[in-house]
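Let's take a walk through a protein together, starting with the whole thing and then zooming in on a few spots. Have the picture ready so you can find each place as we get to it.

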Amino acid sequence: MRKTERYRVDHGNSLWHIYKTVPFWKVVKNFLVIQAARYTPFLGVKNWLYRKFLRMEVGNQTAFALMVMLDVMFPEKIFVGENSVIGYNTTILAHEYLIKEYRLGDVRIGNEVMIGANSTILPGVEIGDGAIVSAGTLVHKDVPAGCFVGGNPMRIIYTKEELQDRMDRDEFFATEGRPEL
């Protein structure tokens with residue numbers, strides 16, 4: 001189960017209450033920063049923008065690909081570890097506005113995580129260190145460390161042990177005679 005906090009609304013759907021839950025000018029600022037970062041090809045500049053203006057925790061050498069869409073209202077609830085790759089056009093949400101309630105939840109992405117293009121990560125999800133998320137996946141629950149997951153609904157394709165076994169048998173990953181990058 002995702003780890004979210006739930007807030008009830010009494011009348012109208014929760015989006016009609018949006019500026020009671022988050023300040024208007026915060027949303028404007030976040031929108032402008034996120035749009036600038038989505039289009040910049042400079043990975044260091046993106047990470048700086050996210051850390052400085054959105055108060056996100058972003059690890060060293062993490063790469064957000066072109067067009068990644070972060071949560072506009074609560075980006076400070078997104079945490080990404082070191083040396084991770086967030087694929088093209090991925091959406092990371094820390095909120096859900098529903099009819100009779102809205103939910104907020106931290107998104108925690110570990111170290112050396114690979115998230116494929118066009119994935120969507122829902123609020124309250126934790127993706128463990130070394131996990132791989134296939135392109136186009138809806139991440140609706142936690143992903144164990146080292147697993148390879150994919151699909152909609154998301155499912156485990158390879159466990160950490162199965163994935164390690166595949167890599168051990170792959171000539172490309174053999175370290176003998178291969179220079180370090």
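What follows goes from the overall build to the salt bridges, and then to some individual residues.

First, keep in mind that you're looking at a predicted model. The secondary structure of the protein chain adds up to four helices and 17 strands, so have a look for those arrows as you turn the picture around. If you boxed in the C-alpha atoms along the principal axes, the box would be roughly 65 × 35 × 20 Å. How does the radius of gyration fit with a compact globule? For 181 residues, such a globule would come out near 16 Å, and the protein chain has 18 Å, which agrees.

Now think about inside and outside. Out of the 181 residues in the protein chain, 44% count as buried. The accessible surface is about 10600 Å², and carbon and sulfur atoms own 56% of that. Then there's the question of who touches whom. Take the contacts between residues at least 6 apart in sequence: 37% of them join residues at least 24 apart. As for charge, the chain has 22 positive and 21 negative charges, and the mean positions of the two sets are 11 Å apart.

Charges bring us to salt bridges. How many salt bridges does the count come to? The count is nine. Let's start with Glu101 and Arg6, whose side chains meet in a salt bridge with 2.7 Å from N to O. This pair links distant parts of the chain: Glu101 sits in strand 9 (residues 101-104), Arg6 sits in strand 1 (residues 5-8), and they are 95 residues apart. Are the two partners buried or exposed? Glu101 has a relative accessible area of 13%, so Glu101 is buried, because the cut-off for that is under 20%. Arg6 has 59% relative accessibility, so Arg6 counts as exposed, because that label starts over 50%. Here, then, a buried residue pairs up with an exposed one.

Glu101 has another partner too. The side chains of Arg103 and Glu101 also meet in a salt bridge, this time with 3.2 Å from N to O. Zoom out a little and you'll find a network of salt bridges linking Arg2, Arg6, Glu96, Glu101 and Arg103.

Next, find the salt bridge between the side chains of Asp106 and Lys77, at 3.6 Å from N to O. Asp106 lies in the loop between strand 9 and strand 10 (107-109), while Lys77 lies in the loop between strand 4 (69-70) and strand 5 (78-80), so the pair ties together parts that are 29 residues apart in sequence. Asp106 is partly exposed, with a relative accessible area of 29%. What else does Lys77 touch? Leaving out residues up to four places away in sequence, Lys77 touches Ala94, Leu104, Gly105, Asp106 and Val107.

Move on to Val80, which lies in strand 5. With a relative accessible area of just 5%, Val80 is buried. Which residues does Val80 touch? Again not counting residues up to four places away in sequence, they are Glu57, Val58, Gly59, Thr62, Phe64, Ile86 and Ile109. Look at Glu57 in particular: Val80 and Glu57 are 23 residues apart in sequence, and their C-alpha atoms are 6.2 Å apart in space. For another pair, try Lys77 and Asn118: they are 41 residues apart along the chain, and 21 Å separates their C-alpha atoms.

Finally, let's check out some backbone details in the loops. Asn118 has a positive phi of about 60 degrees, although Asn118 is not a glycine. You'll find Asn118 in the loop between strand 11 and strand 12 (120-121), and at 41% relative accessibility Asn118 counts as partly exposed. Glu112 also has a positive phi, near 55 degrees, and is a residue other than glycine. Glu112 is in the loop between strand 10 and strand 11 (114-115), and Glu112 is exposed, with a relative accessible area of 52%.

One last stop: which two residues does a cis peptide bond join? They are Asn152 and Pro153, with omega at about 10 degrees. To spot Pro153, go to the loop between strand 16 (148-150) and strand 17 (155-158).

Terms used: Residues numbered from 1 in each chain as written. Predicted model: local features only at pLDDT ≥ 70, side-chain atom pairs only at ≥ 80, totals over all residues. Heavy atoms only, no water. Salt bridge = Lys/Arg side-chain N within 4 Å of Asp/Glu carboxyl O. Helix = DSSP H or I, 4+ residues; strand = E, 2+ residues; numbered from the N terminus. Buried < 20%, exposed > 50% of the residue type's maximum accessible area, 1.4 Å probe, protein only. Rg over C-alpha atoms; globule rule 2.2 N^0.38 Å. Contact = heavy atoms within 4.5 Å. Areas by Shrake-Rupley, 256 points an atom, 1.4 Å probe, with all protein chains shown as cover. Lys, Arg positive; Asp, Glu negative; His and termini not counted. Charge placed at Lys NZ, Arg CZ, Asp CG, Glu CD.
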